[in-house]
Amino acid sequence: MCSAGVTHAEQLAVTSSSNIKNDLNYLMYAPDDYASSDKTYPLVVWLHGGDQGGTDIEKVRSSGIPKLIEEGKTFPFLVFSPQNPSDELLYPIEKVEAALEEVMLKYRVDRTRVYVVGFSRGGFGTWAMAEQFPDKFAAFVPIAGGGNRHYLSRTNEKAAFWVFHGTSDDTIPLSDSVVLYERLVGLKRNARLSVLEGVDHSGVEWAALNDPELWNWLLKQRLEVAPK
């Protein structure tokens with residue numbers, strides 16, 4: 001109980017002036033005809049799983065879209081593959097978004113066709129990007145991820161979602177994706193869910209990325225107006 005006449009400590013409102021260095025490493029892929037053309041290209045943000053985090057950028061080549069590229073697969077879009085600087089924590093998505101802006105200033109990007117695809121820890125990052133930067137992306141593909149369904153109301157009504165998860169995933173339960181998908185449906189978002197019977201955690205990554213229908217679907221997604 002406070003006594004009359006006692007002077008209380010004052011709380012001052014202060015704005016931080018510190019600058020946080022964005023030191024993300026990333027891989028960048030451009031289609032074969034990029035250098036010889038002047039057109040704009042769609043761009044896919046690839047968010048890797050937990051095993052590729054840290055400071056060794058070469059690890060990012062070992063899975064997901066970068067691995068497919070290393071094995072000789074070509075894509076008709078740009079691929080921006082940032083490395084999570086942490087081996088344990090989730091993606092720092094504010095840094096990812098800032099680095100993406102730098103990339104989009106450097107490369108000829110069709111800003112109405114920018115997409116996020118992520119697996120496992122990168123799947124969590126994909127959901128977070130949809131919630132925190134809803135107007136930047138035309139589509140999201142979270143693979144074996146999870147997140148907070150309460151913030152999905154912030155997602156863009158014009159964006160599309162395709163969620164992948166395996167029934168035999170013992171790392172991240174299928175229910176993590178189902179509850180988020182059902183929330184999207186309740187919000188009347190453009191969403192689809194692929195539940196892969198008998199597929200485990202690592203298997204669902206390749207099942208999704210090697211599905212030609214995914215890429216055909218993804219490249220059809222477009223925002224009506226390019227984000228500023």
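Residues are classed by relative accessible area: buried means under 20%, exposed over 50%, and partly exposed in between (1.4 Å probe, protein chains only). The structure is a predicted model, in which local features need pLDDT of at least 70 and side-chain atom pairs count only at pLDDT 80 or more, whereas totals for chains, interfaces and linings use all residues. Residues are numbered from 1 along each chain as its sequence is written, and side-chain values use heavy atoms, with hydrogens and water left out.

**Exercise 1. Describe the protein chain as a whole.**

Solution.

Step 1. Secondary structure is assigned from DSSP runs numbered from the N terminus, with helices being H or I of at least four residues and strands being E of at least two. The protein chain has six helices and seven strands. Read from the N terminus, their order is β-β-α-β-α-β-α-β-β-α-β-α-α.

Step 2. The C-alpha trace spans about 75 × 45 × 40 Å along its principal axes. Of the 228 residues, 47% count as buried.

Step 3. A contact means heavy atoms within 4.5 Å. Among contacts between residues at least 6 apart in sequence, 73% join residues at least 24 apart.

Step 4. Accessible areas come from the Shrake-Rupley method with a 1.4 Å probe; for residues, only the protein chains shown count as cover. The protein chain exposes about 11,900 Å², of which carbon and sulfur atoms supply 48%.

**Exercise 2. Determine which residues of helix 2 are buried and what covers them.**

Solution.

Step 1. Helix 2 comprises residues 93-106, which is 14 residues. The expected span of a helix is 1.5 Å times one less than its number of residues. From first C-alpha to last, helix 2 reaches 20 Å, close to the 20 Å expected.

Step 2. The buried residues of helix 2 are Ile-93, Val-96, Glu-97, Ala-99, Leu-100, Val-103 and Met-104. They lie on the same side of helix 2, because they cover an arc of only 165 degrees around the axis. This arc is that of the directions from the helix axis to the C-beta atoms.

Step 3. Glu-102, Leu-105 and Lys-106, on the other side of helix 2, are exposed.

Step 4. The cover over the buried residues includes strand 1 (26-29), strand 2 (41-47), strand 3 (78-82), strand 4 (109-119) and helix 3 (121-132).

**Exercise 3. Analyse salt bridges of the structure, stating where the partners lie and whether they are buried or exposed.**

Solution.

Step 1. A salt bridge is a side-chain nitrogen of Lys or Arg within 4 Å of a carboxyl oxygen of Asp or Glu. The structure holds eleven salt bridges.

Step 2. One of them joins Lys-136 and Glu-97, at 3.1 Å from N to O. Lys-136 is in the loop between helix 3 and strand 5 (139-143) and Glu-97 is in helix 2, so the pair ties together parts 39 residues apart in sequence. Lys-136 counts as buried at 13% relative accessibility, and Glu-97 counts as buried at 16%.

Step 3. Glu-224 pairs with Lys-158, with the closest N and O atoms 3.9 Å apart. Here Glu-224 belongs to the segment after helix 6 (212-220) and Lys-158 to the loop between strand 5 and strand 6 (160-166), 66 residues apart. Both Glu-224 and Lys-158 are exposed.

Step 4. Glu-213 and Arg-192 form a salt bridge whose closest N and O atoms are 3.1 Å apart. Glu-213 is in helix 6 and Arg-192 in strand 7 (residues 190-196), 21 residues apart. Glu-213 is partly exposed at 41% relative accessible area, and Arg-192 is partly exposed at 29%.

Step 5. Salt bridges that share partners join Glu-97, Glu-101, Arg-111 and Lys-136 into one network.
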